[in-house]
Each structure stands twice: as structure tokens, then as C-alpha cells.
Amino acid sequence: MSSDTPRLRADARRNVEGIRTAALDVFRVHGLNSPLDEVARAAGVSKGTIYHRFGGRQGLIDAVVEELVAERIRGIITVVSAIEDPVERFESYLRQIWLLQYDEPAANDVLLRALPGSAPIAALCEQASKVASGFLDAAQATGTIREDLAPEDIDLLIWERGIIARACDQQHRDGFIRSFEHTLRGLRAGS
């Protein structure tokens, strides 16, 4: 019996990695509310195996959210932080976050806070919100961005763009970009 134990453990590890890989693929394309049956089918396991290994949808999402979305958001923050001009940095951050929402349904679900019970997602959203607030403060200090804009307004703009991206899946990317460029112009002082 002990000779079977390492094999079972290796099988279990393969199952876990297969489920993670399948979840990443399925969630990237269809978002975090994709049926677990689809993830199980892609992983070649039963839905019960997902529940056994991850405790269900929330546990699976928590297990993959770092690789699925957090790395992308942190990458945007890193790239945008290197931009010297505060207004360009602020606007570039919003552009890149909005495009991420349009391009990746799972990232949009995270930024829409569609799963409020997820501690990793809540922490990621808090970090992104704090960074956006800092970018806003620096941009407002130049006098170029409206001074009546509050950090909560930035959160709302991200949510609004996410809802638009979700609801307007028939809208071409160019139209989505044109629309958010209008929004960005409205954030300028004197507009």
C-alpha cells in the first residue's frame, strides 16, 4: 500500500496543476463566472475533484488570481509608475486598466469586485485603488486634472468602464477606446 501512496500524491499534484491550468484558460476567455463544469472538462477531472482540491469556485479563483490578474495589474502599475509626467502617468494608468478590462473578462470581473468574499481579490483592488489615488493626487497638483475629482470617482470610473466592457461585448475595441478618451478629456480642468 505504501508503494501506491507516492503515485496517488503525484496524481493529486497533476490534478491540481491540471485544474489550475484549465481554470486560467477558461477564466481568461470567459471570466470568473465560467461554469466549473467547463473547467473540469478542460482539466479532464470531475467537478467533484475541483471541490475536493479547492473547496469550490472561490477557492479555485483565489488559487489562480495572482497569476490570472494580479501580475497584469502590477505590471501596469510598474510601467505607468516610470512615466515622469504626472498627468500622462494618471491618464496612462486609466487607459491601460480600461483596456485590460476590455481585453480580459477575468480581469474585468476582479476590477468590478464581482467576488466580494475573496481576500486576494479585495487586497488587489485595494492596492490598485491606492495607486490610482496617488496618481490622481500628483496629476491634480499640476492643475491639469479637475480638483473636484475624488479617489472614489476613479473607482467608479473603473467600475463604469467594466460594466460597459461587459455589456457591450459587440462594441469594437476602437469604439471602446474612443469612448474612454472622451471620458479622459472630461477629467481635465476647465472641461
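Let's start in the loop that runs between helix H6 (105-111) and helix H7 (119-140), since that is where Arg 113 is found. The model is a predicted one, and this residue has a backbone angle worth a look. Phi of Arg 113 is near 55°, a positive value, and the residue is not a glycine. Most residues other than glycine have a negative phi. As for its surroundings, Arg 113 is partly exposed, with a relative accessible area of 30%.

One partner of Arg 113 sits in helix H7: Ser 129. Setting aside neighbours within four places in sequence, Ser 129 is in contact with Arg 113 and Asp 155. Is Ser 129 buried or exposed? Its relative accessible area is 15%, so Ser 129 is buried, given that the cut-off is under 20%. Arg 113, at 30%, is partly exposed because its value falls between the 20% and 50% limits.

**The overall picture**

Stepping back, the chain is made of helices: nine of them, with zero strands. Read from the N terminus, the elements go α-α-α-α-α-α-α-α-α. Along its principal axes, the box that holds the C-alpha atoms is roughly 75 × 35 × 25 Å. Of the 191 residues in the chain, 43% are buried.

How do the contacts spread along the sequence? If you take the contacts between residues at least 6 apart, 68% of them join residues at least 24 apart. On the outside, the chain exposes about 10,000 Å², and carbon and sulfur atoms account for 52% of that area. The charge count comes to 23 positive and 28 negative side chains, with the centres of the two sets 6 Å apart.

**Where H5 meets H9**

One helix pair is worth describing in detail. Helix H5 covers residues 86-103 and helix H9 covers residues 173-186; their axes come within 11 Å and cross at roughly 150°. The crossing of H5 past H9 is right-handed. On the H5 side, the residues taking part are Glu 91, Leu 94, Arg 95, Trp 98, Leu 99, Tyr 102 and Asp 103, and they meet Arg 173, Phe 176, Ile 177, Phe 180, Glu 181, Thr 183 and Leu 184 of H9.

Arg 173 deserves its own mention here. It is found in helix H9, and beyond its neighbours within four places in sequence, Arg 173 is in contact with Leu 99, Tyr 102 and Asp 103. Arg 173 and Asp 103 are 70 residues apart along the chain, yet their C-alpha atoms are separated by 8.5 Å. Is Arg 173 buried or partly exposed? With a relative accessible area of 35%, Arg 173 is partly exposed.

**Other residues to look at**

Ile 76 belongs to helix H4 (residues 57-81). What does Ile 76 touch, once neighbours within four places in sequence are left out? The partners are Tyr 93, Gln 96, Ile 97 and Leu 100. Its relative accessibility is 6%, so Ile 76 counts as buried, the limit being under 20%. Leu 94 comes 18 residues away along the chain from Ile 76, with 9.8 Å between the C-alpha atoms.

Arg 28 takes us to helix H1 (residues 4-30). This arginine is partly exposed, at 34% relative accessible area. Its contacts, again without neighbours up to four places off in sequence, are Ala 23, Glu 67, Leu 68, Glu 104, Pro 105 and Ala 106. Asn 108 is 80 residues from Arg 28 along the chain, and the two C-alpha atoms are separated by 10.0 Å.

Just past H1 comes the loop to helix H2 (36-43), which is the place of Asn 33. Asn 33 counts as exposed because its relative accessibility is 53%, and the cut-off for exposed is over 50%. Not counting residues up to four places away in sequence, Asn 33 touches Arg 57 and Asp 109.

Here are the C-alpha pairs side by side:

| Pair | Apart in sequence | C-alpha separation |
|---|---|---|
| Arg 173 and Asp 103 | 70 residues | 8.5 Å |
| Ile 76 and Leu 94 | 18 residues | 9.8 Å |
| Arg 28 and Asn 108 | 80 residues | 10.0 Å |
| Asn 33 and Ala 132 | 99 residues | 26 Å |

Note on methods:
Residues are numbered from 1 along each chain as its sequence is written. Side-chain values use heavy atoms; hydrogens and water are left out. Helices (H or I, at least four residues) and strands (E, at least two) are DSSP runs, numbered from the N terminus. Buried means under 20% relative accessible area, exposed over 50%, partly exposed in between (1.4 Å probe, protein chains only). Contact means heavy atoms within 4.5 Å. Accessible areas come from the Shrake-Rupley method with a 1.4 Å probe; for residues, only the protein chains shown count as cover. Lys and Arg count as positive and Asp and Glu as negative; His and the chain ends are not counted. The place of a charge is taken as NZ of Lys, CZ of Arg, CG of Asp or CD of Glu. Axes are lines fitted to C-alpha atoms, for helices over the stretch in contact, and angles run from 0 to 180 degrees between N-to-C directions. A crossing is left-handed if the near helix is turned anticlockwise from the far one by less than a right angle, and right-handed if clockwise.
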